[in-house]
Amino acid sequence: MIQKKSKRTPERPRARRARPLPAKRKGRLIMPSLVLDFVPLWTLILGIGVCFYVILDGFDLGVGILFGLQPDTASRNLVMNSIAPIWDSNETWLVLGGHALLAAFPLAFAIIIPAVYFPILVMLLALIFRGVSFEFRYRDSARKTFWDHGFSWGSTVATFAQGVVLGAFIQGFQVDGRHFAGTSWDFITPFALVTGLALVFGYGLLGAGWLVLKTEGDLQARARRHGRWCFLGVFAAIGIVSVWTPLMNAGIATRWFSWPNMLLLAPVPVLTALLGWLEWRSLNNSSDATPFIAAIGLFLISYLGIGISLWPMIVPHVYTLWDAASAPSTQAFLAVGTLFLLPVILMYSAWSYWVFRGKVKSDIGYH
Amino acid sequence: MDLDPLLLSRLQFVWVIGWHILLPAFTVGLASYIALLEGLHFFIGREIYFRISGFWIKIFSVAFGMGVVSGIVMPFQFGTNWSRYSDATANVLSPLFAYEGLTAFFLEAAFLGVLLFGRNLVPRWAHFVAALMVAFGTLLSSFWILSANSWMQTPAGYALVDGRFYPNDWFAIVFNPSFPYRLGHTVVGFYVTTAFVVVGVAAWLIRRGRSVAEGSRRLSMTLWLLTVLVPLQILLGDEHGLNTLEHQPTKLAAIEAHWDTGRRVPLVLFALPDEQNEANRYAVQVPWLGSLILTHDLNGEIRGLKEWQRDQRPPVAIPFFAFRVMVGIGLLMLGMVVASWWLRWKGRLYDSVWYLRSCQLVAPLGFVAVLAGWTTTEVGRQPWTVYGLLRTADSV
């Protein structure tokens with residue numbers, strides 16, 4: 001049998017072989033003995049990737065959620081047209097996030113993804129259903145109502161499932177060595193259901209912001225009204241999660257409420273309140289762009305809050321980013337290309353947004 | 001057979017990738033075809049290419065959207081069902097997947113919006129560039145994903161430490177021994193598949209008397225393309241076969257249902273491979289031809305399946321029949337191309353009813369050939385996920 005074993009042994013990977021569950025590490029970082037450590041860079045890239053996904057697909061899933069609340073075909077067509085040219089590339093960030101996690105932190109991938117098998121499965125099925133509805137709605141006018149429902153329910157279910165994944169992630173998983181050791185149903189907890197619901201409101205708020213930006217007249221007024229309801233949901237959710245998380249985990253409580261962290265981190269709640277005020281005010285006056293921008297700001301600050309709570313863990317409470325990292329050569333090989341490609345991707349993605357700038361017209365459908 | 005997690009995971013993977021591969025098989029070819037039409041329209045300025053392109057862009061958008069959403073499932077399956085495989089191979093394979101996303105998916109997705117909706121919003125050259133970028137993106141995607149697949153078939157440039165793979169030489173990993181052949185054979189296969197769909201639709205339009213001018217232009221142009229592509233594909237397939245003989249002899253032996261090692265082996269045209277008794281039943285074979293085709297030498301040696309223990313062999317019947325389906329369709333397609341030359345010479349290409357009807361019937365066969373070829377190469381790799389190194393049973 002072919003047994004091609006290369007003769008040269010690779011540089012010995014850092015101490016992250018299968019080992020018993022690490023004891024409490026108190027956030028102490030095991031710094032690798034390498035000249036160039038790619039882990040911070042990859043943390044940043046993964047962070048940016050997930051961030052772009054959440055905001056970009058967030059608003060177009062949110063538009064999908066609000067699509068179901070539109071009373072007539074004309075507004076539904078406009079709502080659809082507002083995201084038709086861009087939803088594809090927005091969803092691509094999800095692929096990047098999945099791949100970057102697998103490539104840079106494979107141990108985290110191999111533990112987290114099996115742990116949230118069912119919500120991921122539901123999310124993927126909902127995204128497929130949503131994508132197919134999107135295309136067939138234009139083609140199959142005889143069953144348009146069916147595809148309309150498919151689009152809005154697909155968007156809602158996919159969002160809820162993502163929120164559940166987030167909640168399960170913050171709570172952490174049962175791990176044994178290099179494997180997930182819990183059951184497929186561990187993700188069903190009150191906390192995860194709350195985060196699921198929270199994300200539906202959150203994406204709804206982003207979607208409403210996008211629609212306020214892209215539409216006019218009655219449709220815009222309706223988007224503002226939907227936005228206000230979503231905002232109330234979001235703000236309640238931020239409050240609940242901010243109280244619940246430190247109650248659930250003593251480490252997180254210490255991080256936020258010990259001195260001098262409390263002072264250093266004080267800008268986070270202050271900024272959240274400020275952004276909330278800005279969002280509410282702009283949803284009630286005639287500003288076109290502010291609701292969307294402030295909603296993005298709220299997402300960024302919540303994201304930062306979760307990051308502060310969990311840092312430097314990638315499998316919460318068990319493995320740090322450094323524990324879960326792939327071989328240095330793997331991270332280096334991919335980093336070289338990514339550093340070059342990400343700016344290029346951002347540039348041409350920005351260009352395609354620029355092409356479709358301005359208020360959405362009813363006649364831009366497929367020519 | 002028990003419905004254990006391994007079997008269920010394999011069935012799920014087959015089901016998902018089986019549907020998924022049909023979409024790229026069509027969109028990779030169609031993207032290039034659309035770029036060609038947009039280019040002809042841009043440089044020659046004939047309105048007819050513009051109309052043909054518009055027709056296919058609509059179909060492309062549906063196929064592409066479904067390709068994207070079914071493709072998103074793929075990476076997550078590695079985590080949900082194949083987590084041990086992911087943990088073992090991630091250092092080597094994951095950058096290839098990630099590069100596919102970075103170079104291909106974003107390029108396709110971003111420029112697709114402009115291609116579909118931007119004709120009146122951007123200058124004409126920019127629209128042509130968008131078409132080119134979408135086509136280029138689909139080819140880059142094929143490049144990376146087939147590199148990853150080929151590495152699983154013919155691993156190179158790695159070190160195996162404690163059951164996990166570590167990269168040594170990225171060039172050797174990306175350009176592993178079977179990659180160039182697999183890339184060529186697969187992409188040309190996608191082109192041929194798409195071209196026969198275009199030919200079938202053109203024949204249908206001509207027979208219905210709808211848009212006859214466009215139908216005829218499509219039929220003629222695409223048959224010229226096929227005149228190059230089909231023989232090229234057969235040549236590439238032959239080269240791919242030589243490569244398989246060198247690097248994956250068990251797969252080749254299974255494809256040809258050869259049990260005993262020997263020289264001057266016959267070519268088995270048809271048989272019922274009997275794995276229990278390690279022999280073929282009802283074999284129809286041509287003497288010597290096996291060695292000649294497989295090694296390009298009458299005295300070439302082919303190693304038979306009995307050289308390997310039973311637990312090292314792939315199942316025989318599936319690759320054996322799948323391969324014959326693929327080659328059969330390939331020969332049928334060659335026949336269609338040769339017939340088109342004769343009809344062209346007679347000046348009857350557009351009004352020969354039997355030929356147009358045959359074109360319609362052959363139209364979907366490319367997809368069958370793609371699935372058959374994929375089955376041959378993937379089942380032929382068993383019982384391994386990484387050939388000779390990581391067993392499928394240890395990957396779940």
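Between chain B and chain A, the rule turns up 1 salt bridge across the interface. The partners are A:Arg178 and B:Asp87, whose side chains meet at 2.9 Å, N to O. Keep in mind that this is a predicted model. Over all chains, the salt bridge count comes to 17.

**Where the two chains meet**

- On the contact count, 69 residues of chain B touch 64 residues of chain A.
- Put the two chains together and about 6300 Å² gets buried between them, with carbon and sulfur atoms giving 72% of that area.
- Three phenylalanines of chain B, namely B:Phe76, B:Phe106 and B:Phe117, lose the most area to chain A, and together they make up 13% of what that side buries.
- As for polar contacts, there are 10 residue pairs between chain B and chain A, counting pairs with both residues at pLDDT 80 or more.
- The elements of chain B that give two or more residues to this side are helix H2 (47–80), helix H3 (83–117), strand E1 (158–161), strand E2 (164–167) and helix H5 (170–174).
- H3 of chain B gives the most, with 27 residues on the side that touches chain A.
- Sorted by type, the residues on chain B's side come out as 44 nonpolar, 19 polar and 6 charged.

**B:Asp87 has a partner in its own chain too**

- Besides its link to A:Arg178 across the interface, B:Asp87 forms a salt bridge with B:Arg164, where the closest N and O atoms are 3.8 Å apart.
- B:Arg164 sits in strand E2 of chain B and B:Asp87 in helix H3 of chain B, so this pair ties together parts that are 77 residues apart in sequence.
- B:Arg164 and B:Asp87 are both buried.

**Another salt bridge in chain B**

- B:Arg281 and B:Asp274 also pair up through their side chains, at 3.9 Å from N to O.
- B:Arg281 has 45% relative accessibility, so it counts as partly exposed.
- B:Asp274 comes in at 14% relative accessibility, so it counts as buried.

**Chain A as a whole**

- Chain A has 14 helices and 4 strands.
- Of its 367 residues, 56% are buried.
- Looking at contacts in chain A with a separation of 6 or more, 81% are between residues 24 or more positions apart.
- Chain A exposes about 16200 Å², and carbon and sulfur atoms supply 70% of that.

**Buried charges around A:Arg130**

- A:Arg130 makes a salt bridge with A:Asp60, and their closest N and O atoms are 2.8 Å apart.
- A:Arg130 lies in helix H5 (residues 117–139) of chain A and A:Asp60 in helix H1 (residues 39–67) of chain A, so the pair links parts 70 residues apart in sequence.
- A:Arg130 is buried because its relative accessible area is 0%.
- A:Asp60 also has 0% relative accessibility, so it counts as buried.
- A:Glu91 joins A:Asp60 and A:Arg130 in a network of salt bridges.

**A:Ser155, a contact of A:Arg130**

- A:Ser155 belongs to helix H6 (residues 144–171) of chain A.
- Setting aside neighbours within four places in sequence, A:Ser155 is in contact with A:Leu61, A:Gly64, A:Ile65 and A:Arg130.
- With 0% relative accessibility, A:Ser155 counts as buried.

Notes:
Residues are numbered from 1 along each chain as its sequence is written. Chains are lettered from A and ligands numbered from 1 in the order in which they are written. Side-chain values use heavy atoms; hydrogens and water are left out. Contact means heavy atoms within 4.5 Å. Buried area is the accessible area (1.4 Å probe) that two parts lose on being put together, summed over both. A salt bridge is a side-chain nitrogen of Lys or Arg within 4 Å of a carboxyl oxygen of Asp or Glu. A polar contact is a pair of N or O atoms within 3.5 Å; within protein, one must be able to donate a hydrogen and the other to accept it, and residues adjacent in sequence count only if both atoms are side-chain atoms. Ala, Val, Leu, Ile, Met, Phe, Trp, Tyr, Cys and Pro count as nonpolar, Asp, Glu, Lys and Arg as charged, and the others, Gly among them, as polar. Buried means under 20% relative accessible area, exposed over 50%, partly exposed in between (1.4 Å probe, protein chains only). Accessible areas come from the Shrake-Rupley method with a 1.4 Å probe; for residues, only the protein chains shown count as cover.
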